[in-house]
Amino acid sequence: MLVSEREQLRGNIEAWVEQYGSNRSALIPVLEEVQRKYSHISEYVMQVVADILDIHPVEVSGVVSFYSFLGRKPKGRFIIRLCRTISCEMQGKDRVARQLENDLGILFGETTADGNFTLEWANCLGMCDQGPALLVNERIYTQVTPETVHDILEECRRTFGVYAPQLTEEYA
Ligand code: FES
């Protein structure tokens, strides 16, 4: 990673700390911003965040490990999270999962080679009476069927660059 990129990254983190406050309570919102912009949280970022918030890097690392919406590996432009909790389970989430895996050619926990889609499991999304439910980034879809999976993926492809976070350059 170039020095200028590191400086820019640090500048972004400092701006988010200014926005959310320079204490512990800012940790999660700042990490969410990093995740949104860079699609993952590297060891370097964890060090910088710990340094700026004056907390131990192990604490930052623990938060990144605990929350499923944060990750150390780059994720796709579109992160699809399918609910696997009981109501959605009973309403056919397995068929939806199979369709997603077939259409994207990846398994849950993986990202497509073009960096566009990541498949993840989620726990209850609060739409239990309208399952199966899934999230695409921050947008929720309900009563999803194998047939509508195709439409959802097409919609993602049509809206590239419109509402999805942009993948940015890799950083160390
Ligand atoms: S069980 Fe799937 S949204 Fe609640």
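Which domains does the domain assignment give for this protein? Two come out of it: domain 1 covers 3-66, and domain 2 covers 78-158. Before I go on, please keep in mind that this is a predicted model. The C-alpha centres of domain 1 and domain 2 sit 29 Å apart.

Okay, confidence. Mean pLDDT for the protein is 89, with 91% of residues at 70 or more. If you go element by element, helix 6 has the highest mean, at 97, and helix 1, residues 3-20, has the lowest, at 90. Then there's the stretch 162-172, where pLDDT stays under 50. The model does give that stretch 25 contacts beyond four places in sequence, but look at them with that pLDDT in mind.

Let's start with the helices. Have a look at helix 2, residues 27-38, and helix 4, residues 57-66: their axes come within 11 Å and cross at roughly 65°. That crossing is right-handed. So who touches whom? From helix 2 you've got Leu27, Ile28 and Leu31, and they meet Val60, Val63 and Val64 of helix 4. Sort that contact by class and you get 6 nonpolar residues, no polar ones and no charged ones.

While we're here, follow the chain into the loop between helix 2 and helix 3, which is 43-53, and you'll find serine 39. Serine 39 isn't a glycine, yet its phi is positive, about 70°. For background, most residues other than glycine have a negative phi.

Now over to the sheet. It's an open one, made of 4 strands in the order 2-1-3-4, with mixed pairing. At the edges are strand 2, 117-122, and strand 4, 139-141, and each of those pairs on one side only. From one strand to the next, the twist averages 25°. Helix 6, residues 93-104, packs on this sheet and touches strand 1, 78-83, as well as strand 2. The direction of helix 6 makes about 155° with that of strand 1.

How do strand 3 and strand 4 run, parallel or antiparallel? They're antiparallel, and 3 bridges join strand 4 to strand 3, which is residues 134-136. If you want a pair to click on, leucine 134 stands opposite tyrosine 141 in strand 4. As a reminder, strands of a sheet pair through backbone hydrogen bonds.

One last thing to look at, in the loop between strand 2 and strand 3: that's where proline 132 is placed. The peptide bond leading into proline 132 from glycine 131 is cis, with omega near -10°. Again for background, most peptide bonds are trans.

That's my tour, and I'm happy to go back to any part of it.

Terms used:
Residues are numbered from 1 along each chain as its sequence is written. This is a predicted model: local features need pLDDT of at least 70, side-chain atom pairs count only at pLDDT 80 or more; totals for chains, interfaces and linings use all residues. Domain bounds come from an automatic or database domain assignment. Axes are lines fitted to C-alpha atoms, for helices over the stretch in contact, and angles run from 0 to 180 degrees between N-to-C directions. Helices (H or I, at least four residues) and strands (E, at least two) are DSSP runs, numbered from the N terminus. A crossing is left-handed if the near helix is turned anticlockwise from the far one by less than a right angle, and right-handed if clockwise. Two residues are in contact if their C-beta atoms, placed from the backbone, lie within 7 Å. Ala, Val, Leu, Ile, Met, Phe, Trp, Tyr, Cys and Pro count as nonpolar, Asp, Glu, Lys and Arg as charged, and the others, Gly among them, as polar. Two strands pair if DSSP finds at least two bridges between them. pLDDT is the predictor's confidence in each residue, from 0 to 100.
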